[in-house]
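Biologist: I would like to learn how to read a structure like this one feature by feature. Could you walk me through it?

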Amino acid sequence: MRKTPLLLLLLMITVIPCPAAPAREDPRPVDTEFRDPDEQKPAVQKPAGPAYKRLLVGVHGGFGVTFPSGDIAGDGDQKALAYYGYAAGIDACWRCCSLGGPSIRVEYASRPISFERSYINHKMTSVIDTAAVDFMAGFRFILSRFYVEPGLYYALGVGDWTETINYRGDSNSSTIKDSWRNDETGAYIEAGVMFDVASFVSVDVGLRMEVSFLYAYDHDDRLRTNLGMLTTGVTFKML
């Protein structure tokens, strides 16, 4: 009978569980949102390109006034006269930055040379019809719809040049000798406005001045051709 209390004590220890220590809470938030394992990662956005087209290609033409400069033989009353001139061609500009870019042009141009002097107390007028293919290179500055383009040109004389002399009501024409005519080099500047008619095309209107450094005609008279004209054209914007 003495073993009964000891058996009861062992039975109580075995049957009654010990109190468990309280569980520690995880401080990290639990993400309860369901995520599809096949869901693609968001695409990396590429940086946006420039808001302008880089390649500008156009056709253009102009009509204006030539005014020769140089030396005219005579007795003191000789003078240069204004005459009409024109040009037409194609152009291209690579807009390498927001300010603009280099440009090139190829044109056919007519810059007649006209002057007057006295001969035996009567006025004599001469007009030399010239023709040239111009190769032009410059830099076109672009600000919104406005542009300014300074540059240089080389005028390669082509075809036959003729001189028409009017004296006392008579008119006579003759061909200028090749040894009397020369190619020209000069500078030009053009400024104008571009009117967009579509996202890829514009109509351009401008004013241009060309000044020659060399004599186009060099015989008894030595004359350079200079041309100022109103220009217009169509420019296609690509790339």
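Biologist: To begin with the outside, what does the accessible surface of the protein chain come to, and what share belongs to carbon and sulfur atoms?

Modeller: Please keep in mind that this is a predicted model. The accessible surface of the protein chain is about 15,800 Å², and carbon and sulfur atoms hold 63% of that. As for the inside, 33% of the 239 residues are buried.

Biologist: How many helices and strands should I look for in the protein chain?

Modeller: There are 16 strands and one helix. Contacts also help in reading the fold: of those between residues at least 6 apart in sequence, 65% join residues at least 24 apart.

Biologist: Which strands make up the closed barrel?

Modeller: The general idea comes first. Strands of a sheet pair through backbone hydrogen bonds, in a parallel or an antiparallel way. In this model, eight strands form a closed barrel with antiparallel pairing, in the order β1-β4-β5-β8-β9-β12-β13-β16. Neighbouring strands of this sheet are turned against each other by 25° on average, direction ignored.

Biologist: Let us follow the pairs. How many bridges join β1 to β4?

Modeller: Strand β1 (residues 55–66) and strand β4 (residues 83–94) run antiparallel and are joined by 12 bridges. To find your place there, look at Gly58, which stands opposite Asp91 in β4. On the way to β5, a hairpin of five residues joins β4 to β5, and eight bridges hold these antiparallel strands side by side. A good marker is Tyr86, whose bridge partner in β5 is Ser110.

Biologist: And which residue of β8 stands opposite Gly100?

Modeller: That is Phe141. The antiparallel strands β5 and β8 are joined by 10 bridges.

Biologist: How many residues lie between β8 and β9 in their hairpin?

Modeller: Two residues lie between them, and Ser144 in the turn has a positive phi of about 60°. Strand β8 (residues 132–143) pairs with β9 in the antiparallel sense over 10 bridges, and Phe135 has Tyr154 as its bridge partner in β9. Continuing round, β9 pairs with strand β12 (residues 184–198), again antiparallel, over 10 bridges. There you can spot Tyr153 opposite Gly186 in β12.

Biologist: Now for charges. How many salt bridges does the structure hold?

Modeller: In general, side chains of opposite charge can pair when their charged atoms come close. This structure holds 13 salt bridges. In one of them, the side chains of Glu149 and Arg105 meet at 3.1 Å, N to O. Glu149 is in strand β9 (residues 146–157) and Arg105 is in strand β5 (residues 100–110), so this pair ties together parts 44 residues apart in sequence. Both Glu149 and Arg105 are buried.

Biologist: What about Glu210 and Arg111, and how far apart in sequence are they?

Modeller: Their side chains meet in a salt bridge at 2.9 Å, N to O. The two are 99 residues apart, with Glu210 in strand β13 (residues 201–212) and Arg111 in the loop between β5 and β6 (113–119), so distant parts of the chain are linked.

Biologist: Are Glu210 and Arg111 buried or exposed?

Modeller: The cut-off for buried is under 20% relative accessible area. Glu210 has 0% relative accessibility, so it counts as buried. Arg111 has 3%, so it is buried too.

Biologist: Which salt bridge could I set beside these?

Modeller: Try Arg222 and Asp218, whose side chains meet at 3.3 Å, N to O. Arg222 counts as partly exposed because its relative accessibility is 34%, and Asp218 counts as partly exposed at 28%. Salt bridges that share partners also build a network, with Asp91, Arg105, Arg111, Glu149 and Glu210 among its members.

Biologist: Which residues make up the largest nonpolar core?

Modeller: It has 10 residues, including Ile113, Ile128, Trp161, Ile176, Tyr217 and Leu223. Beyond its neighbours within four places in sequence, Tyr217 is in contact with Ile113, Ile128, Glu163, Ile176, Trp180, Arg222 and Leu223.

Biologist: One last residue: is Asn172 buried or exposed?

Modeller: Asn172 counts as exposed because its relative accessibility is 53%. You will find Asn172 in strand β11 (residues 170–175). Leaving aside neighbours within four places in sequence, Asn172 is in contact with Glu163, Thr164 and Ile165.

Terms used
Residues are numbered from 1 along each chain as its sequence is written. This is a predicted model: local features need pLDDT of at least 70, side-chain atom pairs count only at pLDDT 80 or more; totals for chains, interfaces and linings use all residues. Side-chain values use heavy atoms; hydrogens and water are left out. Helices (H or I, at least four residues) and strands (E, at least two) are DSSP runs, numbered from the N terminus. Buried means under 20% relative accessible area, exposed over 50%, partly exposed in between (1.4 Å probe, protein chains only). Contact means heavy atoms within 4.5 Å. Accessible areas come from the Shrake-Rupley method with a 1.4 Å probe; for residues, only the protein chains shown count as cover. A nonpolar core is a set of buried Ala, Val, Leu, Ile, Met, Phe, Trp, Tyr and Cys residues joined through side-chain atoms within 4.5 Å. A salt bridge is a side-chain nitrogen of Lys or Arg within 4 Å of a carboxyl oxygen of Asp or Glu. Two strands pair if DSSP finds at least two bridges between them. Axes are lines fitted to C-alpha atoms, for helices over the stretch in contact, and angles run from 0 to 180 degrees between N-to-C directions.
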